[in-house]
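Got your viewer open? Load the model and follow along, one selection at a time.

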Amino acid sequence: MIQLLTTALLIMGTQTFNSQDSRLDWWRDARFGMFIHWGLYAVPAGAWEEKGTGHAEWIRTTAQIPLETYDKFIDEFNPVNFNADQWCEMASDAGMGYIVITSKHHDGFCLFESQHTDFDIMSTPFKRDIMKELADAAPRHEVKMCWYHSIMDWHHPDYLPRRGWEKDRSSEGADMDRFRKYLHAQVTELLSNYGPIGVMWFDGEWEATWKGEYGKELYKLCRTLQPEVIVNNRLGARGGMSGLTGMEGYAGGYGGDYMTPEQEIPDAVDKGIDWETCMTMNDRWGYNAVDKNFKSTTDLLQKLSDIVSKNGNFLLNVGPKVDGTFPEESIQRLSEIGDWMDINGEAIHGTFGSPFSELPWGRATQKFHGDDTTLYLHVFDWPEDQKLHVPNLSGTIKSARVLGQKGNINAEVKDGEVVIDVPSGKPNDHIGVIALEVIGRPIVFEVPEISAQTQQFVHDATVTIGVRSPELEIRYAILNEPSESNVLVPNLRYTSPFEIDGTCIVVAQSFYQGKPVSKSSLKKFEKVTPKQAANITNVIKGTLDMKVFEGEWDELPNFNLLQPSSSKSVDKITSKPEAESQGRQFMGYVQANQSNMYVFSLTSDDGSRLYIDDVLIIDNDGLHGPIQKEGAVALAKGWHPIRVEWFNKTGGAALQVQMGEIGHPLQEISTNDIATR
Ligand code: FHN
């Protein structure tokens, strides 16, 4: 048995990441937005008494400031230099198409006038509705106004849980249902009083008191109030900083309209998925007077290029000061970014991801004009010999030009690459962009990808081979001996998936105009003997033994060395009733209805593992949000020992096991297929 681990991008939930949903078109075209974290936390600017100067928007918690002390900041919040048009102009001039500002962060303070609390901007000396002024200014500068809104609320008496250190702040009488009514009432204000809103950017969704079904309910409220509004995936368990979204089914998983990786850029994302990386310019979201670790303009632009080349959006943060101005370092970077975007913005706005899996000197984006394509080459490392080699590219190139420079430059299609004569010296300090006008679509000589649902099989397997450029011809060969794999030129034309019924190696290569234009790829597939079933009779169907353990872990402990707090027979593997600081061990038998390969999926928040016949099939351990992993194993017809181990430290809890015979959909294991003896 092999352990086949694949981490699936979680694209289920209330809304799948449907790249056909035209509601997101303006947002996809924008590609670039401004995040603004602003509130009472700008008053202390990261410093608090003997608690140091490293704080920011979390300061009430990280410096353990009692509520009544923190609330006094309201008397000092008077941003006399705030100018909504200036902020919107800086965003627009930087090439940003939307602004997402914290209408309310975790501290509960509302930057907008709310009829449902006095803990808002109207209780400050400023007494002006910041959101209103921004919402009015945004259209004047062609930016869309969007609201960040935190579910977690450290101020509202009904929100639970209290902060662990808030020993003196009783939770007596706190009522999360009443808090959800307050939350809905404020979201209604935000989507009723300020005109068309581009995105509702929720956050603070990870505590155990917030359930996926609440997220679905709030999603529906947003879309009812403004049907065109976009809602991010942070109304349900988002899967930690990777921003993966929650799975339908357990904890009422929630999808949202796009994924939200935070402070990181995913390696590669399926082109059909909408996503946005949010990132700070320095090390903090809210203003910190001593945090001078600002990323360079070149670094920020290369992050923008990398993200857009992967079909994503970049939400770049500014943390304004208490007087209503942006930090000088932010202003300077926004201005320099704007200078670059003035000339190169066409390589960002309205583009799609790169046709290349990688490029040695930079990134690429593309725009389609009917049948033709503009291919933008983002050159981070400008060639000193003035020859830019674009590997694995062909097609009919009509022209080539350097953005911001007059006239065309020479681009020659040679065997398997395009060589472009570029002027000496990078055209700017950050990224030089070359636009290639291509007739039709660029032909990228990719190595073919060989795949099957699993690399082991019991009876037979279906093999699929693919490349992205339809102009390429795939040729393949099926080899029985590995020794042959490095000499043979594949000679079978691939037209559709094919069956294999024995151990073999599949070799494939891309051809163009009759010539091989890529390296060969190869993959071994193995016919295996299924694991013999357990020799048991008189099973008790529909039952598994569950042991519960109490404790705090960062990874799965060895439960066999621990004393369970309880144990009982259960009819399914689940994290319900959810609890923190808890581990569970499920043991019993699972039935294979016939001899074949079986795929298991294990989704959990936090860590989990799945064993069949005491062999580890899926390792999904560690502290994380809801993440799904898969594994496969060959099983003979009959009953096989299964063991699932799981723990939840704090926050969201989730556990879901699915199973499916190869070639069939994964689904919850039926009670008919579990047993104890
Ligand atoms: O806790 C917040 C944090 O303060 C900040 O707002 C980021 C921005 O996405 N979101 C949460 C951490 O994931």
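We'll visit the ligand and then the cavities.

Before you click, know that this is a predicted model, where local features need pLDDT of at least 70, side-chain atom pairs count only at pLDDT 80 or more, and totals for chains, interfaces and linings use all residues. Residues are numbered from 1 along each chain as its sequence is written, and side-chain values use heavy atoms, with hydrogens and water left out.

**Stop one: the ligand.** Select the ligand and the residues around it (those with a heavy atom within 4 Å). There are 16 of them, and His-37, Glu-57, His-106, Asp-203 and Glu-262 come nearest.

Now look for N or O pairs within 3.5 Å, the cut-off for a polar contact. Pick Glu-57: one of its polar side-chain atoms sits 2.6 Å from a ligand oxygen. On Tyr-148, a polar side-chain atom is 3.4 Å from an oxygen of the ligand. Go to Asp-203 next, where a side-chain N or O atom lies 2.6 Å from a ligand nitrogen. On its own the ligand has 330 Å² of accessible area (Shrake-Rupley method, 1.4 Å probe), and the protein covers 96% of that.

**Stop two: the cavities.** What is the volume of the largest cavity? About 80 Å³, as the space filled by probe spheres set on the grid points. A cavity here is a set of points on a 1 Å grid over the protein atoms alone, where a 1.4 Å probe fits but cannot get out. To see the largest cavity, select Asn-282, Phe-294, Gly-319, Pro-327 and Ser-330, which lie nearest its centre among 15 lining residues, each with an atom within 4 Å of a point.

Terms used:
A polar contact is a pair of N or O atoms within 3.5 Å; within protein, one must be able to donate a hydrogen and the other to accept it, and residues adjacent in sequence count only if both atoms are side-chain atoms. On a 1 Å grid over the protein atoms alone, a cavity is a set of points where a 1.4 Å probe fits but cannot get out, and a pocket is an open set with protein on both sides within 12 Å along at least five of seven lines; lining residues have an atom within 4 Å of a point.
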